[in-house]
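Hi,

Here's the structure I said I'd pass on. Have a look at it first, and then read my notes below.

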Amino acid sequence: MTAQPSGLAAGFVLPGPPADRETFQGWTQWRLTRHSFTPAPQVTPAQWRAMSPRSRQLHDLHRAATHASLAFQETPMSAAAARLLGARIQGNALKHTPATRAGVMISGGGYQGKTETACEVAAAFEDQWLALHGQLNPEALAGTRDLHAPVAYAQTPVTATPKSICQAILGFYSAPAARAWTLPQLVTAVRESLHDHGTKVLLLDDITRLRMHREADQDALDLIRSLMSMHVTLVLIGVDIPGSGLLAEGRPRPHGTWPGDALATQTRRRFDLAELGPFRYGTPGGIAAWVTHLAGLENQLRLLKARPGMLTEGPMPEYLFRRTSGVVGLLERLIEDGCAAAIATGRENLTTALLDDIDLSVSTAGRDPAAGEVPAIPPRAVRRAGKPRSTVFDDHGHQIGRAHV
């Protein structure tokens, strides 16, 4: 192939303003463009060497954008959650009975891909639903022009109250919500927005920010359950939902028992629970799934000296698992930082020696560590001073110096 990265404009590589999925416009922008990024082309060292200095600079920028925008990869865990969620959303949307629609809870640790899995399934449903109805709201009143929003997404406020949850949902539709409104007025506005916009799926992220020992949060959960009577599939996403108390109502009796099976299981009976955990490395099947996932990542990388098996052969699979505990978000961060270091240093491939020098860290912006939204990072092995690390089993790739690429 003949690589022509010199034709790339910086605007093609550099991202625009990030889509805010908590608004209708932002969600629509993300849904329509979520698969539109074009990775950098694969080039050989000879092709890279033949480029002009500016073309090489643009190509390296495009490679950096590719490594920072790795495509979402399905895992066995996310596939199971997606099947459950997709079936529930479709089944509920096609129901003709007035019965309350069952919801779904997506539970797992931080950086496990819970939000992206749920959003991808919901976006695929919306694509199909809009195509089925010619982009129009089949339930709209004649003469009205309300936006058709089959899916709505909102984040649970850090300090959740019934009012703040209502305001977050109304914010998706840019619906007015005066501070002086009472809770009944806000609830009425939410119900009207869900109905008028033809919403079939309501995603509430970070639901475990609700602390069930607080009375206000128990009231917020009651409000959330009441929305299920609007014939909407309610999808709650959070860290360790079973351990949060959401499924048990958070209302223990003085002696630690529950006030009756009917009350204590209201939430449990109305929701299906999907667990989205990390990869496991203790069985042949778990190891095979991990290596398959690494192969998918390897195919997306654009390092000039990369070779088949760079992430999947030798000690690398076990090393990457040890550094990330099988958490997909931590793995992607390590690979992204490793690729940046490989390009900057001219090594242009990933080895355990290169990754040993990278301190893995994650951003806490917009996340609540107290709710478990930030995962624990496995400690990096520390080399002993004065004693070089053995590199016998390291894969150093092709020994081509940067000056000769």
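What follows is a short run through what turned up, one spot at a time. Keep in mind that this is a predicted model.

**Two helices that pack together**

Start with α13 (residues 284–300) and α15 (residues 328–345), which pack with their axes 12 Å apart and an angle of about 40° between them. Angles under 35 degrees would count as roughly parallel and 65 to 115 as roughly perpendicular, so this pair ends up as oblique. As for handedness, the α13/α15 crossing is right-handed.

If you want to pull up the contact itself, α13 brings Trp290, His293, Leu294 and Leu297, and on the α15 side you'll find Val328, Leu331, Glu332 and Ile335. By residue type, that contact has 6 nonpolar members, 1 polar and 1 charged.

**A buried serine**

Next, go to α5 (residues 76–93), where Ser78 sits. Is Ser78 buried or exposed? Its relative accessibility is 3%, and buried means under 20%, so Ser78 counts as buried.

The side chain of Ser78 has a polar atom 2.7 Å from the backbone nitrogen of Thr75. Leaving aside residues up to four places away in sequence, Ser78 also touches Gln73, Thr117 and Leu276.

**What covers α2**

Helix α2 (residues 24–33) has a set of buried residues: Phe24, Gly26, Trp27, Thr28, Trp30 and Arg31. Which elements cover them? Among them are two helices, α6 (114–132) and α7 (162–172), along with the strands β2 (151–155) and β3 (201–205).

**Two positive phi values**

Last, a couple of backbone spots on either side of β4 (233–239). His231 has a phi near 60°, which is positive although the residue isn't glycine. You'll find His231 in the loop that runs between α9 (215–226) and β4. With a relative accessible area of 32%, His231 is partly exposed.

Asp240 also has a positive phi, near 50°, and it too is a residue other than glycine. Its place is the loop between β4 and α10 (241–244). The relative accessibility of Asp240 is 45%, so Asp240 counts as partly exposed.

That's the tour. Shout if you'd like to go through any of these spots together.

Cheers

How values were computed: Residues are numbered from 1 along each chain as its sequence is written. This is a predicted model: local features need pLDDT of at least 70, side-chain atom pairs count only at pLDDT 80 or more; totals for chains, interfaces and linings use all residues. Side-chain values use heavy atoms; hydrogens and water are left out. Axes are lines fitted to C-alpha atoms, for helices over the stretch in contact, and angles run from 0 to 180 degrees between N-to-C directions. Helices (H or I, at least four residues) and strands (E, at least two) are DSSP runs, numbered from the N terminus. Angles under 35 degrees count as roughly parallel, over 145 as roughly antiparallel, 65 to 115 as roughly perpendicular and the rest as oblique. A crossing is left-handed if the near helix is turned anticlockwise from the far one by less than a right angle, and right-handed if clockwise. Contact means heavy atoms within 4.5 Å. Ala, Val, Leu, Ile, Met, Phe, Trp, Tyr, Cys and Pro count as nonpolar, Asp, Glu, Lys and Arg as charged, and the others, Gly among them, as polar. Buried means under 20% relative accessible area, exposed over 50%, partly exposed in between (1.4 Å probe, protein chains only). A polar contact is a pair of N or O atoms within 3.5 Å; within protein, one must be able to donate a hydrogen and the other to accept it, and residues adjacent in sequence count only if both atoms are side-chain atoms.
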